[in-house]
Amino acid sequence: MRGFLRQFLRAGSLFCLFSVAAQGPAPASAFGERIADREAIGAILRAQKSAWNHAAVDAFLQGYWHSPELTFSGSSGVARGWDGVRARYKKSYPDRAAMGQLNFSELEFRFLGPDAALVLGKWHLQREKDELGGVFTLVWQRFPEGWKIIHDHTSAVVPPKTNP
């Protein structure tokens, strides 16, 4: 009986070993995964927020891929190319009053590969006469010079009306 039990345990151990090996390395914890990449992208978003809050649209746009293949989707349709995205921002936010003070919140990072990421979040603009906000999805790609936004989909979310 002892011999059978020993053989059974060896076979079970080998089976477990092969099963683990076939699955590959264990995934990193969701929180600890890609810390350096999260920080690099976060630093760009913080720089964009600062540039926006100083009414510096061109500095804000440094976080975007400077390419004719850049895309921005929003309520007014799709803007294509860095120049098109810049023109859209300049038209929609012509001065400091229109730009207001920007904040980002509830950022969620999803890495799609070693050089691609998706960042979901909320945006909020506080302006002298009003405030507005919404959600965004940013598709990021790592280039030799660092992470850049290659696609931005930003939507305004209108708060529900309250009945008096």
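What share of the 164 residues in the protein do buried residues make up? The answer is 31%. The model shown here is predicted. The legends below take it view by view.

**View 1. The whole chain is built from helices and strands.**
The protein has five helices and six strands. Read from the N terminus, the elements run α-α-α-β-β-α-α-β-β-β-β. Now look at contacts between residues at least 6 apart in sequence. Of these, 47% join residues at least 24 apart.

**View 2. Strands β4 and β5 pair in the antiparallel sense.**
Here 11 bridges join β4 to β5. A hairpin connects the two strands through four residues. Find L125 and then look across to β5: its bridge partner there is L132. β4 covers residues 116-126, and β5 covers residues 131-143.

**View 3. Strand β6 pairs with β5 and with β1.**
β5 and β6 run antiparallel, joined by 10 bridges. They form a hairpin with two residues between them. F143 stands opposite G146 in β6. Further along, Q141 stands opposite K148 in β6. Strand β1, residues 71-74, also pairs with β6. This pairing is parallel and has three bridges. Within it, F72 stands opposite D152 in β6. In a regular strand, side chains alternate between the two faces of the sheet.

**View 4. K148 is a buried lysine with no salt bridge.**
K148 sits in strand β6, which spans residues 146-156. Where is the nearest side chain of opposite charge? It belongs to E145, 5.7 Å away. A salt bridge needs a nitrogen and a carboxyl oxygen within 4 Å, so the pair does not qualify. A polar atom of the K148 side chain does lie 2.7 Å from the backbone oxygen of Q62. Leave aside the neighbours within four places in sequence, and K148 is in contact with Q62, G63, Y64 and W65. Its contacts also include V139, W140, Q141 and F143.

**View 5. The largest nonpolar core has 28 residues.**
Which members touch the most other members? They are I41, W52, F60, L61, Y64, Y89 and W140. Helices α2 (35-53), α3 (57-60) and α4 (81-92) each supply at least two residues of this core. So do strands β3 (101-113), β4, β5 and β6. In soluble globular proteins, nonpolar side chains tend to be buried together.

**View 6. W140 reaches many parts of the chain sequence.**
W140 is one of the core members that touch the most others. The contacts described here leave aside its neighbours within four places in sequence. Among its partners are I41, I44, L45 and G63. D115, A116, A117 and V119 are in contact with W140 too. So are W147, K148 and I149.

**View 7. R142 and D37 form a salt bridge.**
A search of the whole structure finds eight salt bridges. In this one, the closest N and O atoms are 2.9 Å apart. The pair links distant parts of the chain. R142 is in strand β5 and D37 is in helix α2, 105 residues apart. Is each partner buried or exposed? R142 is partly exposed, because its relative accessible area is 31%. D37 counts as buried, because its relative accessibility is 10%. The cut-off for buried is under 20%. Side chains of opposite charge can pair when their charged atoms come close.

**View 8. Two more salt bridges join E39 to R46 and E108 to R110.**
E39 and R46 meet at 2.5 Å, N to O. E39 counts as partly exposed, at 44% relative accessibility. R46 is also partly exposed, at 48%. E108 and R110 meet at 3.5 Å, N to O. E108 is partly exposed, at 40% relative accessibility. R110 is partly exposed, with a relative accessible area of 44%. Elsewhere, salt bridges that share partners join R34, D37, D115 and R142 into one network.

**View 9. A40 and G146 are separated by 8.2 Å.**
This distance is between their C-alpha atoms. Along the chain, A40 and G146 are 106 residues apart. A40 lies in helix α2. A40 is partly exposed, because its relative accessible area is 30%.

Note on methods: Residues are numbered from 1 along each chain as its sequence is written. This is a predicted model: local features need pLDDT of at least 70, side-chain atom pairs count only at pLDDT 80 or more; totals for chains, interfaces and linings use all residues. Side-chain values use heavy atoms; hydrogens and water are left out. Buried means under 20% relative accessible area, exposed over 50%, partly exposed in between (1.4 Å probe, protein chains only). Lys and Arg count as positive and Asp and Glu as negative; His and the chain ends are not counted. A polar contact is a pair of N or O atoms within 3.5 Å; within protein, one must be able to donate a hydrogen and the other to accept it, and residues adjacent in sequence count only if both atoms are side-chain atoms. Contact means heavy atoms within 4.5 Å. A nonpolar core is a set of buried Ala, Val, Leu, Ile, Met, Phe, Trp, Tyr and Cys residues joined through side-chain atoms within 4.5 Å. Two strands pair if DSSP finds at least two bridges between them.
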